[in-house]
Amino acid sequence: MTSEAPLWELIEHDAAGHRRTDCLYAALDLGLFDVIRDRPLTLEEAASALNTAPRRTKAYLDLMVAYGYLVRHGGSYRQDPELLPLTEPQRIDNLQRRFAYPAHTRGSWSLIGSALREDRSVRTFDGLTDRSAEIVHACHVSLGARGYAFMKDLAPRLTLPANARILDVGGGYGDLCRPFLEQDDGCSAILFEAPDTLSLAEDHLRDLGLGDRIKSQAGDFVTDPLPSGFDLVILSAVLQFYDQHTNRKSLRRLAHCLNPGGAILVREILVAADARGPVVGLEFALHMALNSHQGQAYPVEIMESLLIDA
């Protein structure tokens with residue numbers, strides 16, 4: 001019995017792991033970190049600021065203390081000082097954007113068994129089909145925030161000519177281009193996306209003051225004519241939706257869009273050839289299996305071969 005105890009503790013911990021996640025999502029939804037950031041608050045003050053019921057709020061705040069997000073002294077709650085740099089208003093906004101899609105789709109994982117037995121996407125189940133537009137929007141918001149942070153770190157390390165032209169294929173709301181435009185006032189981009197997405201992307205880019213530098217072009221990059229004359233082509237979270245044959249053909253087409261010396265930048269979540277890791281890749285592979293008809297997480301070696309062939 002003693003040797004089995006740690007295993008049971010691990011299983012019980014994993015089975016209840018969603019609780020910590022849901023509490024974090026609730027904090028972002030309620031604005032908890034904004035409310036409790038500047039000074040300690042009593043239960044009554046916190047409940048009033050959050051517009052929540054005191055009895056239930058106490059149980060929630062006590063658990064957030066146990067999770068390490070808050071600390072409690074006497075009858076007052078405050079944010080853990082070590083987390084203050086991570087919960088500045090700008091970073092909280094970024095967290096809300098990054099977690100928008102996972103928050104909307106976490107319920108789909110409770111349908112794993114049904115999806116496996118019935119061999120269909122969880123998006124076809126009751127309760128999810130009518131939220132498809134909402135989920136797609138959350139996906140673009142979340143991927144845009146994550147992609148922007150990734151490109152913000154990568155852009156200074158890439159050597160592009162002055163006044164570079166970028167083609168962002170399937171780039172959602174255009175956030176992946178932004179770091180390149182921020183570091184070069186002469187840089188411009190074309191966002192090649194589906195018409196429905198472009199209507200929202202154009203509003204987003206206009207709000208950011210980039211509508212005149214990131215132009216949009218509607219189309220299907222697999223079948224429609226592509227523009228040319230670019231120094232960089234960006235493909236982020238796109239190839240995962242297509243089979244190898246389609247990707248090989250599409251990458252070759254995109255290579256012809258480049259100026260001499262240009263490059264194709266591919267960003268994907270990959271898995272090892274033996275499917276033993278990494279865990280984030282395997283989680284993503286299951287996510288694609290649940291939420292799409294043919295999507296997948298490619299092994300590293302296959303992705304390398306696709307790019308070499310292009």
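Two strands count as a pair here if DSSP finds at least two bridges between them. Keep that in mind, as several stops on this tour are pairs of strands. The model in your viewer is a predicted one.

**The whole chain**

Start with everything shown as a cartoon. The protein chain has 14 helices and eight strands. Its C-alpha atoms fill a box of roughly 65 × 50 × 40 Å along the principal axes. Colour by burial, and 38% of the 310 residues count as buried. Of the contacts between residues at least 6 apart in sequence, 68% join residues at least 24 apart.

**Stop 1: strand 7 and its neighbours**

Select residues 230–236, which form strand 7. Is this strand mostly covered or mostly open? Seven of its seven residues are buried, so "mostly covered" is the description to keep, with buried meaning under 20% relative accessible area.

Now add residues 165–169, strand 4, which pairs with strand 7 in the parallel sense over four bridges. Show I166 as sticks, then look across to L232 in strand 7, which stands opposite.

Next, bring in residues 258–267, strand 8. Strands 7 and 8 run parallel and are joined by six bridges. For a pair to label, take F230 and its bridge partner in strand 8, L258.

To see how the chain gets from strand 7 to strand 8, add helix 12, residues 244–255. Together, strand 7, helix 12 and strand 8 make a right-handed β-α-β unit.

While you are here, pick A237, in the loop between strand 7 and helix 12. Its phi is positive, about 55 degrees, although A237 is not a glycine. Why does A237 count as buried? Its relative accessible area is 19%, and the cut-off is under 20%, so A237 falls on the buried side.

A second loop residue with a positive phi is N163, at about 60 degrees and again not a glycine. Look for N163 in the loop between helix 9 (132–154) and strand 4.

**Stop 2: helix 12 against helix 14**

Keep helix 12 on screen and add residues 300–309, helix 14. The two axes come within 8 Å and cross at roughly 35 degrees, and the crossing is right-handed. Show side chains for Q244, N247, R248, L251 and R252 on helix 12, together with I302, S305, L306, L307 and D309 on helix 14: these residues make the contact.

**Stop 3: from a cis peptide into helix 13**

Move to G277 and P278, which are joined by a cis peptide bond with omega of about -10 degrees. P278 sits in the loop between strand 8 and helix 13.

Then select residues 279–291, helix 13. Its 13 residues reach 18 Å from the first C-alpha to the last, close to the 18 Å expected at 1.5 Å a residue. Which residues of helix 13 are buried? They are G281, F284, H287, M288, L290 and N291.

Compare E283, which is also in helix 13. E283 has a relative accessible area of 44%, and partly exposed covers the range between the 20% and 50% cut-offs, so E283 is partly exposed. Try a distance from E283 to V271: these residues are 12 apart along the chain, and their C-alpha atoms are separated by 9.7 Å.

**Stop 4: the three-stranded sheet**

Hide the rest and turn to another sheet. This one is open, with three strands in the order 1-3-2 and antiparallel pairing. Strand 1 (41–42) and strand 2 (70–73) stand at the edges with a single partner strand each, so one side of each has no neighbour in the sheet.

Two bridges join strand 1 to strand 3 (residues 76–79), and this pair runs antiparallel. Label L41 and, opposite in strand 3, Y77. Now add residues 54–67: this is helix 5, which packs on the sheet and touches strand 2 and strand 3. The direction of helix 5 makes about 110 degrees with that of strand 2.

**Stop 5: helix 5 meets helix 2**

Finish with residues 17–30, helix 2. The axes of helix 2 and helix 5 come within 11 Å and cross at roughly 115 degrees, in a left-handed crossing. On helix 2, the contact uses R19, R20, C23, A26, A27 and L30; on helix 5, Y60, L63, M64 and Y67.

Definitions and conventions: Residues numbered from 1 in each chain as written. Predicted model: local features only at pLDDT ≥ 70, side-chain atom pairs only at ≥ 80, totals over all residues. Heavy atoms only, no water. Buried < 20%, exposed > 50% of the residue type's maximum accessible area, 1.4 Å probe, protein only. Right-handed = clockwise from strand over helix to strand, strands pointing away. Expected span 1.5 Å × (residues − 1). Axes fitted to C-alpha atoms, helices over the stretch in contact; angles between N-to-C directions. Left-handed = near helix turned anticlockwise from the far one by under 90°. Contact = heavy atoms within 4.5 Å.
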